[in-house]
Amino acid sequence: MIVVTTDFITGKEIETIGIVQGNMVQSKHIGKDIGAGFKTIVGGELKGYTDMMTEARDMAKDRMLQQAHALGADGVVGVRYASAAIMQGAAEVIAYGTAVKFI
C-alpha cells in the first residue's frame with residue numbers, strides 16, 4: 001500500500017474511497033516519569049518519551065492502514081499526524097488520511 005503526505009500519487013489516477021484514521025493512547029510507567037522529571041533538571045532528550053511517541057505513531061499508522069485495507073484501498077493520500085496530551089505522562093496520537101483506489 002502506498003502512503004503519502006501529498007494529495008496525489010505521481011503516475012497514478014486515483015478514486016477517493018474515504019477518510020481513514022487510527023489512534024493510540026500511550027503512557028509510560030511511573031518509573032520512567034520519575035526519570036524524565038530528573039532529566040528536565042539537567043536538560044537533554046527524554047528518550048523514554050521519544051520512544052513512547054514513536055511507538056504510538058507507528059501503532060496509529062498501522063491502525064489507519066488496517067482500516068484502509070478493509071475498505072479495499074490501494075493507498076492513502078494526505079496523511080497527517082496529530083497528538084494531544086490526555087493526562088500527565090499519556091498522549092494520544094492520531095494518524096489520518098484519505099483512502100484511495102487506483103483507476
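This passage walks through the fold of the chain, then its sheet, then a few side chains.

The model is a predicted one, and it holds a single run of elements that is easy to follow. Reading from the N terminus, the order is β-β-α-α-β-β, which gives 2 helices and 4 strands. The chain has 103 residues, and buried ones make up 28% of them. Contacts across the sequence tell their own story: taking those between residues at least 6 apart, 76% join residues at least 24 apart.

The sheet comes next. All 4 strands go into one open sheet, laid out in the order 1-3-4-2, with mixed pairing. Strand 1 (2-3) and strand 2 sit at the edges, and each of them pairs on one side only. As a general point, strands of a sheet pair through backbone hydrogen bonds, in either a parallel or an antiparallel way.

Strand 4 (residues 90-102) is a good place to look at the pairing. Strand 2 (residues 14-27) runs antiparallel to strand 4, and 13 bridges join the two. One of the residue pairs here is Ile-19 with Thr-98, the latter being the bridge partner in strand 4. Strand 3 (75-87) is also antiparallel to strand 4, this time over 10 bridges. Here Tyr-81 stands opposite Ala-95 of strand 4, while Ser-83 has Val-93 as its bridge partner in that strand. Strands 3 and 4 form a hairpin with 2 residues between the strands, and in this hairpin Gly-89 adopts a positive phi near 85°.

Gln-26 ties several of these parts together on paper. This residue belongs to strand 2. Is Gln-26 buried or exposed? Gln-26 counts as buried because its relative accessibility is 11%, below the 20% cut-off for that class. Even so placed, the side chain of Gln-26 has a polar partner: the side chain of Glu-55, at 2.9 Å. Once neighbours within four places in sequence are set aside, the contacts of Gln-26 are Met-52, Glu-55, Ala-56, Gly-89, Ala-90 and Ala-91. Gly-89, met above in the hairpin of strands 3 and 4, is therefore one of the residues that Gln-26 touches.

Charged side chains are the next topic. How many salt bridges does a search of the whole structure find? The search turns up 2. One of them joins Asp-51 to Lys-47, with 3.1 Å between the closest N and O atoms. Both residues are in helix 2 (residues 47-70), and they lie 4 residues apart, about one turn of the helix. Asp-51 is classed as partly exposed because its relative accessible area is 34%, which falls between the 20% and 50% cut-offs.

The other salt bridge pairs Asp-74 with Lys-101, whose closest N and O atoms are 3.9 Å apart. This pair links distant parts of the chain, with 27 residues from one to the other: Asp-74 is in the loop between helix 2 and strand 3, and Lys-101 is in strand 4. Both ends get the partly exposed label, Asp-74 with a relative accessible area of 25% and Lys-101 at 36% relative accessibility.

Aromatic rings round things off. The count of aromatic pairs is 0, although one ring does have a charged partner. Lys-12 lies over the face of Phe-102, 4.8 Å from the ring centre.

Methods. Residues are numbered from 1 along each chain as its sequence is written. This is a predicted model: local features need pLDDT of at least 70, side-chain atom pairs count only at pLDDT 80 or more; totals for chains, interfaces and linings use all residues. Side-chain values use heavy atoms; hydrogens and water are left out. Rings of Phe, Tyr and Trp (its six-membered ring) pair if their centres lie within 6.5 Å; planes under 30 degrees apart count as stacked, over 60 as edge-to-face and the rest as tilted. A charge sits over a ring if NZ of Lys or CZ of Arg is within 6 Å of the ring centre and within 35 degrees of the ring normal. Buried means under 20% relative accessible area, exposed over 50%, partly exposed in between (1.4 Å probe, protein chains only). A polar contact is a pair of N or O atoms within 3.5 Å; within protein, one must be able to donate a hydrogen and the other to accept it, and residues adjacent in sequence count only if both atoms are side-chain atoms. Contact means heavy atoms within 4.5 Å. A salt bridge is a side-chain nitrogen of Lys or Arg within 4 Å of a carboxyl oxygen of Asp or Glu. Two strands pair if DSSP finds at least two bridges between them.
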